[in-house]
Structure formats: structure tokens, C-alpha cells
Amino acid sequence: MATTATLTLASSDIAGDPVNVTKVATLTKADSTNDLDQSSGLNRVHLRSTTQKTLLSASATNRTPGDNKAGKVYLINKSDDASLYVTVSINAQTVGKLYGGDFLFIPWSQTDASANIKVAATNWTSSTGDIPIEYALFHEDQDFLTNA
Amino acid sequence: MATTNATIGLTSDITDSSLSVSNTTQLNTAGTTTGVNTMTSVTKVLSSTSQADLIATGSVSTTHAYVYINNPSTDETKYFKITIGDHTGGEVEELGRLYAGDFMFFPWDVDDDITCVPSSSDDMTIEYMVFS
């Protein structure tokens, strides 16, 4: 079983010459050529509050902080409104804002017990409507996901 | 204004019913439909397991950017810890470990530096692009 991630970055006019970068990665376990073998599947939730929510919980009880385990997170803001954003944080550290249509794909190592991935629909109001997000986790450790 | 598109494809047969996801987004300035117009592309070779300041906030003049980082190694034991936070030795948060052949792509609020820690003191190459 294999999971493949492909990213293409393309622009015809951000530089004097066209830019076209394509990267393909087969997702493997830590320090290994063996494929990742577990997945949360694709999930969809609607955010309708500015309150920060924990999307993926780091394991405080089933793993030893600092374990060298591989995990990858895909997260996308499915809003059609380019101004509506979701603030993504790990623990207390803000990573960035996913505006409508934007996605991220990052490794997630859960190297401390507080390394939860959190989201907040920061500029949501009752008139903006829900902000739908979709996410998936690919990982190797059966205890990686405590809220599964 | 430039037009820059990022497309991701994910395919997986881990589950009984296979997963296939594809999405494209235009890289825009914060909250607009105006495309980003600045790109930086860098390749670095690191030769120490010390924390390295990979992308400094001072290198970007906005508060919203998109970052692509790639570990082109083919040696599965060579990875980078990718961290974000105070690069001067203070508190940092590890996002994750970029193993050989892995990439990451994410929006960055340009509030703290992006740093990395190589797993080996052998020469290790890391590549990144920043769009802002």
C-alpha cells in the first residue's frame, strides 16, 4: 500500500521565465523506505465560531514525546470566499492563515504532548456562513491519533 | 500582479476504498484575489546538526506568504526537523520531520522565523521557495 503526494507550483509571470516545479513524494515511515500504512481518511467539518478548536490531538498518553514517527497532514479551506480564513496553529505557535481555497501539506511529528493542530475561523461572523474545511492524516503509529 | 497556482494531488490505497484528492489554489495576497508577486528560491547545504535559521521573517515584506520546503535526499536516514519560532535559542515548535524525498507546503504568517535542524552533520541539502 502506498500514499503519494504530488505538488505543482506554476506561474507564467512571477519571474522573467516561467516557473514550473513538480514534486512527487511517496510517504514513508520514519527513517525507512516502508510506506505509511495508516490513515484517518478524508474528513470534512464546518467551522462556525471564532473559537479555536483542536483538529488533531497529539498523543499525551500513548506515545513518548520525541518518538521518531512519521505523519503527514493535509488541510484545505473549502470556502469560496477568498477573504475568509482559518488560522492554523500547532500548540501555541501560529503557522499561518488558510484563505478560501488554500491548502497545506505538512509533516506532523507530535514531538511534544501539546503539539495539537488547532484551527480557528478567526474572521467568521454569523453573516459569513460556515467555513468548511477538509483534512486527512497519514501516519505510522497506531496511537498517533488520540481522538480517532 | 502575477498568477501562481499550487496544485496538490494525494492518492492512497491504505484504506479499502482508495483515496484520491486533487485541488488547485491561486496564491494570493492576504484576503484578496490579487496574486502574489514575489518569489524567492533557495538551495542550502547544511553541515551541522545545529539549528539553522532557514527563512527569516525579515526576508519577507508581507504578513502572509506561502512556503515550499523540500528535502531532496535519497538517504532515508537524513531528515530535517522543521521548526518555527525564536531562532536565537528560545522556544520553538517543531512542525514535523521532513524525511528524504518529502516536501511541505503551507501558508506562513511571517511572525516567527522558520528554522531547521539536520539529522546529520554530513552535508545535507534543503531547498525552499517563498511566495509573497
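Among contacts in chain B between residues at least 6 apart in sequence, what share join residues at least 24 apart? I looked this up first, taking two residues to be in contact if their C-beta atoms, placed from the backbone, lie within 7 Å, and the share came out at 68%.

I note that this is a predicted model, in which local features need pLDDT of at least 70 and side-chain atom pairs count only at pLDDT 80 or more, while totals for chains, interfaces and linings use all residues. Residues are numbered from 1 along each chain as its sequence is written, and chains are lettered from A in the order in which they are written.

For chain B I then found 0 helices and 10 strands, where helices (H or I, at least four residues) and strands (E, at least two) are DSSP runs numbered from the N terminus. The C-alpha atoms of chain B fill a box of roughly 45 × 40 × 25 Å along the principal axes, and of its 132 residues 43% are buried, that is, have 20 or more other C-beta atoms within 10 Å of their own C-beta, these atoms being placed from the backbone.

Turning to the interface, I recorded 55 residues of chain A in contact with 50 residues of chain B. Strand 1 of chain A gives the most to the side of chain A that touches chain B, with 9 residues.

Last, I checked the strand pairing, which requires at least two DSSP bridges between two strands. Strand 1 of chain A pairs with strand 1 (residues 4-12) of chain B in the antiparallel sense over 9 bridges, and Leu7(A) has Ile8(B) as its bridge partner there.

Definitions and conventions
A residue is buried if 20 or more other C-beta atoms lie within 10 Å of its own, exposed if 12 or fewer, and partly exposed in between; C-beta atoms are placed from the backbone.
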